[in-house]
Amino acid sequence: MSRSLVVKVTCGTEAPERCNQGFTVAASALASGADVSLWLTGEAAWFGVPGRAEEFALDLATPLAQLRDAVLAGGRVTVCSQCAARRGIVEADLVEGAVIAGAASFAEEILQPDVQALVY
């Protein structure tokens, strides 16, 4: 049985390398067979909206939209409910497969046995 990895990305374009690292780790872990859940909080919440990850650019990095879509294809992508509300984002605004959930859901995920949580 594989372990689960929960990756929380708390930044957006203001910290592009840290943001991209979180997405890269999530997609890489998924490719390695882990059960992956990617949480988008703070400015990263925008990357759950179509077109936003596509606009993100970082030299020598895998495109953010490609990493997000890889996680969506085999894992889960969740946008923080308070972060979404502060930005006027509703679930209908999100890319297909992404959902909005709150801190209680995050805590429930990371407190399960054999779960590793990383925050970027």
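User: Hi! Starting with Asp35: what is its relative accessibility, and how does it count?
Analyst: Asp35 comes out at 31% relative accessibility, which puts it among the partly exposed residues. Keep in mind that this is a predicted model.

User: Which side chain does Asp35 meet in a salt bridge?
Analyst: That would be Arg76, with an N to O distance of 3.0 Å. Asp35 sits in strand β2 and Arg76 in strand β3 (residues 76-80), so the salt bridge ties together parts that are 41 residues apart in sequence.

User: And Arg76, how accessible is that one?
Analyst: Arg76 is partly exposed too, at a relative accessible area of 36%.

User: Which other residue forms a salt bridge with Arg76?
Analyst: Glu109 does, and the closest N and O atoms are 3.8 Å apart. This links distant parts of the chain, since Glu109 belongs to helix α5 (residues 103-110) and Arg76 to strand β3, 33 residues apart. Taken together, Asp35, Arg76 and Glu109 are linked in a network of salt bridges.

User: How many salt bridges does the structure hold?
Analyst: There are 5. One of them brings together the side chains of Glu43 and Arg87, at 2.9 Å from N to O. Glu43 is in the loop between β2 and α2 (52-55), while Arg87 is in the loop between α4 (81-86) and β4, so this pair ties together parts 44 residues apart in sequence.

User: Buried or exposed, those two?
Analyst: In between: Glu43 is partly exposed at 36% relative accessibility, and Arg87 is partly exposed at 22%.

User: Switching to the sheet. What's the strand order?
Analyst: The order is β4-β3-β2-β1-β5, an open sheet of 5 strands with parallel pairing. At the edges stand β4 (99-101) and β5 (115-119); each has a single partner strand, so one side of each is left without a neighbour in the sheet. Ignoring direction, neighbouring strands are turned by 25° against each other on average.

User: How many bridges join β1 to β5?
Analyst: 5 bridges join β1 (residues 4-9) to β5, and the two run parallel. To give you some registration points, Leu5 has Gln116 as its bridge partner in β5, and Val7 has Leu118.

User: What about β1 and β2, over how many bridges do they pair?
Analyst: They pair over 6 bridges, also in the parallel sense. In that pairing, Leu40 of β2 is the bridge partner of Val9. To get from β1 to β2 the chain passes through α1, and this β-α-β crossover is right-handed.

User: Why is β1 described as largely enclosed?
Analyst: Because 5 of its 6 residues are buried, β1 is largely enclosed by the rest of the structure.

User: Where does helix α1 lie relative to the strands?
Analyst: Helix α1 (residues 16-31) lies across β1, β2 (35-40) and β5, and runs at about 165° to β1. A good residue to look at there is Phe23, which lies in this helix.

User: What does Phe23 touch?
Analyst: Beyond residues up to four places away in sequence, Phe23 touches Val9, Leu38, Leu40, Phe47, Leu64, Leu67 and Arg68. Phe23 is buried, with a relative accessible area of 0%.

User: Now Trp39. Where is it, and what is its relative accessible area?
Analyst: Trp39 lies in strand β2. Its relative accessible area is 2%, so Trp39 is buried.

User: Which residues is Trp39 in contact with?
Analyst: Leaving out neighbours within four places in sequence, the contacts of Trp39 include Val6, Val7, Lys8 and Val9, as well as Thr78, Ala101, Gly102, Ser105 and Phe106. Glu109, which also takes part in the salt-bridge network with Asp35 and Arg76, is among the Trp39 contacts too.

User: Last topic, cysteines. How many disulfides does the search find?
Analyst: A search of the whole structure finds 0. For Cys11, the nearest cysteine sulfur is that of Cys19, 5.0 Å away, whereas a disulfide needs the two sulfur atoms within 2.5 Å.

User: Are Cys11 and Cys80 buried or exposed?
Analyst: Both fall on the buried side: Cys11 has a relative accessible area of 1%, and Cys80 counts as buried at 14% relative accessibility.

How values were computed: Residues numbered from 1 in each chain as written. Predicted model: local features only at pLDDT ≥ 70, side-chain atom pairs only at ≥ 80, totals over all residues. Heavy atoms only, no water. Buried < 20%, exposed > 50% of the residue type's maximum accessible area, 1.4 Å probe, protein only. Pairing = 2+ DSSP bridges. Helix = DSSP H or I, 4+ residues; strand = E, 2+ residues; numbered from the N terminus. Axes fitted to C-alpha atoms, helices over the stretch in contact; angles between N-to-C directions. Contact = heavy atoms within 4.5 Å. Salt bridge = Lys/Arg side-chain N within 4 Å of Asp/Glu carboxyl O. Right-handed = clockwise from strand over helix to strand, strands pointing away.
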